[in-house]
Amino acid sequence: KAVVSTQSGHYGRGDKIVPLTVTKKKSYETKKDLVSAIQACCDKYAHLYLIEVHNERNNLLKEIRESWKHSRIFLGRNKVMALSIGRTMESEYKKDLHKISKGLHGKRGLLFTNEKVEEVKEYFKSHKKLCFARSGSVATETVVLPEGPLDLPHSMEPHLRQLGLPTKLKDGVIVLNQEHTVCTAGQALSTQEAVILKHLGNSMAEFNIELMSHWSDGAFTVLSESGTAMDAADDDFGDEVIEDANEN
């Protein structure tokens, strides 16, 4: 059984005991609802795109969703999405949808729309925004700070030292004791490096949604060079209780 607390952080008289069979049933029903929603979109919309989100940021993704209310975007639960449209020719919901399914892994998802192909391509080609890189991102340039004053509030000096910068306060001004390389192009950013770049106002990452491939009325087209090798490994899917969703 699962214990659901009605008091934040505490368990006691007010706790509600929920059998695991109930939580499993709800999870199953949620997956079934997603399957139904995606298959309904296959019937409602003329075009389906396999998309990949680069440098995902919730606020920027929300803007995209707002701009595309006339369409439907599905992100997350790749296994269920793949099973919804079919992973094989035998189980696919419509002709050649399994080719879209093979690319569903990582930060990829589905875009259903009735907008013209050229309009969709133009929108996502132009809709890119710079954002601060996060830990693990690959540096796109080498950033070197010269010895001398830094144009940052003096109150940040202790924090900058904690991040590894050789700083000191001189007459109320933060000063670098020596030249310091913040990051090197081609190398993954550490947590400290990402924070320093943010303090410096260096937006090294770019948020964008890439169109990987396109499906319409049984015709499949690869749109991105990286979309030519899209097959997800079988291990990415694992066991799934709704695996026969399209085989009934």
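This report describes the fold, the nonpolar cores, one helix, two buried residues and the largest pocket of a predicted model.

**Overall make-up**

The protein chain contains seven helices and 13 strands, and buried residues make up 40% of its 248 residues. Among the contacts in the protein chain with a separation of 6 or more, 73% are between residues 24 or more positions apart.

**Nonpolar cores**

The largest nonpolar core holds 34 residues, of which L111, F124, L160, F207 and I209 touch the most other members. Two or more residues of this core come from each of β3 (47-54), α2 (58-67), α5, β7 (143-145), β10 (173-176), β11 (180-183), α7 (191-199) and β12, and β12 gives the most, with four residues. Apart from this core lies another, of 20 residues, which includes C41, Y45, V80 and W215. In soluble globular proteins, nonpolar side chains tend to be buried together.

F207 can be followed in more detail: leaving aside residues up to four places away in sequence, F207 touches V53, H54, N55, E56, R57, L60, L61, I64, H127, K128, K129 and C131.

**Helix α2**

Three of the residues that F207 touches, L60, L61 and I64, are buried in α2. Seen down the axis of α2, the buried residues fall within an arc of 100 degrees, so they line one face of the helix. An α-helix has 3.6 residues a turn, so residues three or four places apart point the same way. On the other side of α2, N58, N59 and K62 are exposed, while the buried residues of α2 pack against β4 (72-75), α5, β6 and β12.

**Two buried residues**

S137 and T167 are set side by side in the table, with contacts that leave out residues up to four places away in sequence.

| Residue | Place | Relative accessible area | Contacts |
|---|---|---|---|
| S137 | loop between β6 (129-131) and β7 | 18% | N55, Q187, A188, L189 |
| T167 | strand β9 (residues 167-170) | 6% | L150, E157, L160, R161, I174, V175, L176, N177 |

S137 counts as buried because its relative accessible area of 18% falls under the 20% cut-off, and T167 is likewise buried, at 6% relative accessibility. One of the contacts of T167 is N177, a residue 10 places from T167 along the chain, and the C-alpha atoms of these two residues are separated by 5.8 Å. Another contact of T167 is L160, which is one of the residues that touch the most other members of the largest nonpolar core.

**The largest pocket**

Which residues line the largest pocket? The lining consists of K121, F124, K125, K128, N208, I209, E210, L211, L223 and S224, and the space in this pocket is about 210 Å³. By class, the lining has four nonpolar, two polar and four charged residues. At least two lining residues are supplied by each of α5 (117-126) and β12 (205-216), and β12 gives the most, with four residues.

The pocket and the largest nonpolar core share residues: F124 and I209 belong to the lining, and both are also among the core residues that touch the most other members. K128, another lining residue, is in contact with F207. Strand β12 thus appears in several parts of this description, as it gives the most residues to the pocket lining, gives the most to the largest nonpolar core, and is one of the elements against which the buried residues of α2 pack.

Methods: Residues are numbered from 1 along each chain as its sequence is written. This is a predicted model: local features need pLDDT of at least 70, side-chain atom pairs count only at pLDDT 80 or more; totals for chains, interfaces and linings use all residues. Side-chain values use heavy atoms; hydrogens and water are left out. On a 1 Å grid over the protein atoms alone, a cavity is a set of points where a 1.4 Å probe fits but cannot get out, and a pocket is an open set with protein on both sides within 12 Å along at least five of seven lines; lining residues have an atom within 4 Å of a point. Grid points are joined across faces, edges and corners, and a volume is the space filled by probe spheres set on the points. Ala, Val, Leu, Ile, Met, Phe, Trp, Tyr, Cys and Pro count as nonpolar, Asp, Glu, Lys and Arg as charged, and the others, Gly among them, as polar. A nonpolar core is a set of buried Ala, Val, Leu, Ile, Met, Phe, Trp, Tyr and Cys residues joined through side-chain atoms within 4.5 Å. Buried means under 20% relative accessible area, exposed over 50%, partly exposed in between (1.4 Å probe, protein chains only). Contact means heavy atoms within 4.5 Å. The arc is that of the directions from the helix axis to the C-beta atoms.
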